[in-house]
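User: I would like a close look at one part of this protein, the end of the chain with its sheet and the helices beside it. Please set that part against the rest of the fold, and give the cut-offs behind the terms you use.

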Amino acid sequence: MAYIEIDQNQQTHTAVVLPSVMSKPTFSDAESKLAEAIGLARAINLDVSYTEIVRLREVKPATYFSKGFLDRVKPIFETKQIDLLVVDASLTPIQQRNLEKALKIKVIDRTALILEIFGERAQTKEGKLQVELAHLTYQRSRLVRSWTHLERQRGGAGFLGGPGETQIELDRRIIDDKIVRIKKELEKVKKTRELQRSARKKIPYPVVALVGYTNAGKSTLFNFLSSAGVFAENLLFATLDPTMRRINLPSGKEIILSDTVGFISDLPHELIMSFRATLEEVLEADVVVHVRDMSNPDNSLQKKDVLNVLHNLGLKNIENDHNYIEVLNKTDLLSDEDKGYLRETTARSENSVAASAITGEGTQTLLQMIDKKLSAKFQNIETTINAADGKLIAWIYKNAEVLSSDIQEEHLILCLRADAATVSRLKNKARIKTLD
């Protein structure tokens, strides 16, 4: 599903440029941003032949860059046989069209590049629908650059139909119709997810959601904990489609572990809205595990970007929430000194753990931490059941902590410590009374 018409079967020589307005980030910040943009380009096998951080005094409304820059790079692009320019910024349709005219090559911006990656990675029907919706929303505003026949008019129906609609109006209407259709299909997906969540609440198992910046190691950690075999590579946006697996905690308690799409700085608005149905799994989670790549020098900025997205989803001030855990991942890539410092600082924390999803270091501590977080939600109850119901008694001993037991005639009275999920399930099986 390629949206910007890049031929993946042929080598595409690509130039990646990062515009940096003088008053904005430092050079080191710009270098990190450029490295991320190069990673995005390589994520879809583009051959990056030229890169540059472009200092701008001002953004030109017509071409974004100055005429001097365009005159300077045009012969460089010709010499290096560049046929695609990636601008790591948001371009207007006019700027994109004018740049293509001036440089005689295809030009795309950051949003289009991320859309291309998402289009290639999506595997499930839901993922493909979400990407297509984001693409159509993006494409609708850019019809002006894509067509040469857009001002041509079609005649109205019958003799009194009037001048009819221009081609651009027709194309826009076609896109609008597709958007409406996809939104209806995604609404069905949303309802299906709500039914699945309702079903889980009836079973139910606590849900633990893995979130984090793209390429932070979420899927590798997910695979290590669940043996799921989810696609996990050193690539940006290696995972798009959410995956869930049931795993056991050290206490024996079962939970559902959810792997989600990675976040990124300046994530296009179209994608946030399109993937909202998927990200709602995070909103419903009992524990949110934020996986961070501590080998990345920009991990603090990446953390801020992730927290901003979670904030926009409705999880305000989640960092201070009791059910939030940070996994300081990729310790296997750190120096002994840095690794020692992380271990020392996390040893005193109830909300963070130094770990490596590759070696397994810290993963047992993580599971114990999740166990403890979920146990904090436990409540003391009393239940009276038939003493001959061996199946129910075995289930209670497996899913709850039995504080005391007493037999009265044919009934067994148990005082239990259980979480909300277990209490909810037990209500359907026996009479219960909450204890102070």
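The answer below starts with the model as a whole and then turns to the part requested.

Analyst: This is a predicted model, in which local features need pLDDT of at least 70 and side-chain atom pairs count only at pLDDT 80 or more, while totals for chains, interfaces and linings use all residues. Residues are numbered from 1 along each chain as its sequence is written, and side-chain values use heavy atoms, with hydrogens and water left out.

The protein has 15 helices and 14 strands, where helices (H or I, at least four residues) and strands (E, at least two) are DSSP runs numbered from the N terminus. Of its 436 residues, 50% count as buried, a word that stands for under 20% relative accessible area, against over 50% for exposed and partly exposed in between, with a 1.4 Å probe and protein chains only.

In the part you ask about, an open sheet of four strands follows the order 12-13-11-14 with antiparallel pairing; two strands pair if DSSP finds at least two bridges between them. Strand 12 (401-408) and strand 14 (431-434) stand at the edges and have a single partner strand each, so one side of each is left without a neighbour in the sheet. Direction ignored, neighbouring strands of this sheet are turned by 20° against each other on average. Strand 12 is joined by seven bridges to strand 13 (residues 411-418), and the two run antiparallel. Within this pairing, Gln408 has His411 of strand 13 as its bridge partner. In general, strands of a sheet pair through backbone hydrogen bonds, either parallel or antiparallel.

Helix 15 lies across strand 11 (379-386), strand 13 and strand 14, and runs at about 25° to strand 11. Such angles run from 0 to 180 degrees between N-to-C directions, with axes as lines fitted to C-alpha atoms, for helices over the stretch in contact.

Helix 15 (residues 420-427) also packs with helix 14 (residues 390-399), at an angle of about 170° and with the axes 11 Å apart. That angle makes helix 14 roughly antiparallel to helix 15, since angles under 35 degrees count as roughly parallel, over 145 as roughly antiparallel, 65 to 115 as roughly perpendicular and the rest as oblique. Helix 14 contributes Leu392, Trp395, Ile396 and Asn399 to the contact, and helix 15 contributes Thr422, Arg425 and Leu426; contact means heavy atoms within 4.5 Å. By class, four nonpolar, two polar and one charged residues make up this contact of helix 14 with helix 15, where Ala, Val, Leu, Ile, Met, Phe, Trp, Tyr, Cys and Pro count as nonpolar, Asp, Glu, Lys and Arg as charged, and the others, Gly among them, as polar.

Elsewhere in the protein, an open sheet of six strands has the order 6-7-5-8-9-10 and mixed pairing. Its edges are strand 6 (243-248) and strand 10 (352-354), each with a single partner strand, so one side of each is left without a neighbour in the sheet. The twist there averages 25° from one strand to the next. Strand 5 (residues 207-212) pairs with strand 8 (residues 287-293) in the parallel sense over five bridges, and Val208 stands opposite Val287 of strand 8. Helix 11 (residues 299-313) packs on that sheet, touching strand 5, strand 8 and strand 9 (324-329), and its direction makes about 150° with that of strand 8.
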